[in-house]
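Hi,

Here is the structure I promised to pass on. Have a look first, and my notes on the aromatic rings and the cysteines follow underneath.

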Amino acid sequence: METELHDVKPVPPKGHVISPDSPSSASPVDDASQKDDRPLLKSDSCSSSSTANGRISAESLEELNKKFAAFARHDVYGPLGRGELPLVVKLLLGVACVTLLPLRVVLATLILFFYYLVCRICTLFSAPNRDEAAEEQEDFAHMRGWRRTVVVSCGRFLSRIMLFVFGFYWISESFRDLEQEQAPPQGKSSSQNDGKIQSQRPERPGAIVCNHVSYVDILYHMSSSFSSFVAKRSVGKLPLVGLISKCLGCVFVQRESKSSDFKGVAGIVIERVKESHEDESAPMMMLFPEGTTTNGDFLLPFKTGGFLAGAPVIPVILRYPYHRFSAAWDSISGFRHVILLLCQFVNHLEVIRLPVYYPSQEEKTDPKLYANNIRRLMAREGDLVMSDIGLAEKRIYIAALNGNNSLPSVLHHKDD
């Protein structure tokens, strides 16, 4: 999974969608000819943005939100979820903290513990699969028989119950039929199209490709397809969650690692995608090719690792409409986000499922082209703005919001 630090470019305001056929979106994702040589953050803006109480000025905040629009929050709670709240919102939040929050925490804990017990029982006397190509890679995703049936069935059901506990009472799902839209225009052959979407073909897809907005994405995909994920290595060591992630078949990566096992992890992902494509009993891989979360209105450049296998994929688009609190996990801390999410009585999730995307021969030999065409398709169908920034710029943005003047240091982190 390649890493490139893109120079920040002007991003259209929220609500303005870049047409996939426009010059700016038709160019490759990392076209060096379009670079903007301006610095990510001016030194004077960093030093003058902090006030005596540690908050940045309104002018600096507006400038930051424009430059890093893909990670800017626009809900009532403001940047980092620490904005000044109206009195009504404060009252609602106070009531929810003493009533709704503890109830949901207890229920969620019980569900998590119960599913852990299910996974523990089903994995008794069963050795995990280990991959020698990458350190600490092990899973129980290839169990067969009643054990796998129980783990998957309970996992899907309890994940949906967990979403209900979190306030996602209804999930709006729509299925797009793009066969007519993908028909080649007059004078063009089908080989000239970005790709082929032919739902009638019997080939099994190798992965699900989805935009990444929140950790809630994982709960939804667990409830719908029980897919395997790429997760931080630390997740596999967490109490309760660690065993569950291994039953899902997660591929563990060390985000900040500079060790040589990176190629091994990428190789495991490719093998998993190929295996899912060829074997119906193999677990499907779930890919978030952006590599980080956004505010839900943008689509970041796709990493090509998941497309190296050249297997068909299922594009899925998630959106989280909101009135007060956005479920997007963009620039807000995890603990604060969970608290505010659980304090909101109703949360909304919309899902757009696209038909299986079958890559052309050209896309199979050029993973970057394949990834870019999938990205353009998802941006068009999901009404999303394509942005050229990524995880490195997200770190800069969060550091600036926190009043950190030594912003260049965040660029030294390795992006996987």
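**Aromatic rings and cysteines**

Phe164, Tyr169, Trp170 and Phe345 are joined into a cluster by ring pairs. Bear in mind that this is a predicted model.

Across the structure, the count of aromatic pairs is twelve. Take phenylalanine 68 and tyrosine 397: their ring centres are 5.5 Å apart and the planes sit at 35°, so this pair is tilted. Phenylalanine 68 is in the loop between helix 3 (58-67) and helix 4 (87-98), while tyrosine 397 belongs to helix 13 (residues 391-401), so the pair ties together parts 329 residues apart in sequence. Phenylalanine 68 and tyrosine 397 are both buried.

Another pair, tyrosine 215 with tryptophan 329, is edge-to-face, with 5.5 Å from centre to centre and 75° between the planes. This one also links distant parts of the chain, 114 residues apart. Tyrosine 215 lies in the loop between strand 4 (207-210) and helix 7 (216-224), and tryptophan 329 in the loop between strand 9 (313-319) and helix 10 (334-342). As for accessibility, tyrosine 215 is at 21% relative accessibility and so counts as partly exposed; tryptophan 329, at 32%, is partly exposed too.

Now the cysteines. How many disulfides does a search of the whole structure find? Zero. For cysteine 122, the closest cysteine sulfur is that of cysteine 119, and at 6.9 Å it is too far for a bond, because a disulfide needs the two sulfur atoms within 2.5 Å. Cysteine 122 has 2% relative accessibility, so it counts as buried. Cysteine 210, at 0%, is buried as well.

Cheers

Definitions and conventions:
Residues numbered from 1 in each chain as written. Predicted model: local features only at pLDDT ≥ 70, side-chain atom pairs only at ≥ 80, totals over all residues. Heavy atoms only, no water. Phe/Tyr/Trp six-rings, centres within 6.5 Å; stacked < 30°, edge-to-face > 60°. Helix = DSSP H or I, 4+ residues; strand = E, 2+ residues; numbered from the N terminus. Buried < 20%, exposed > 50% of the residue type's maximum accessible area, 1.4 Å probe, protein only.
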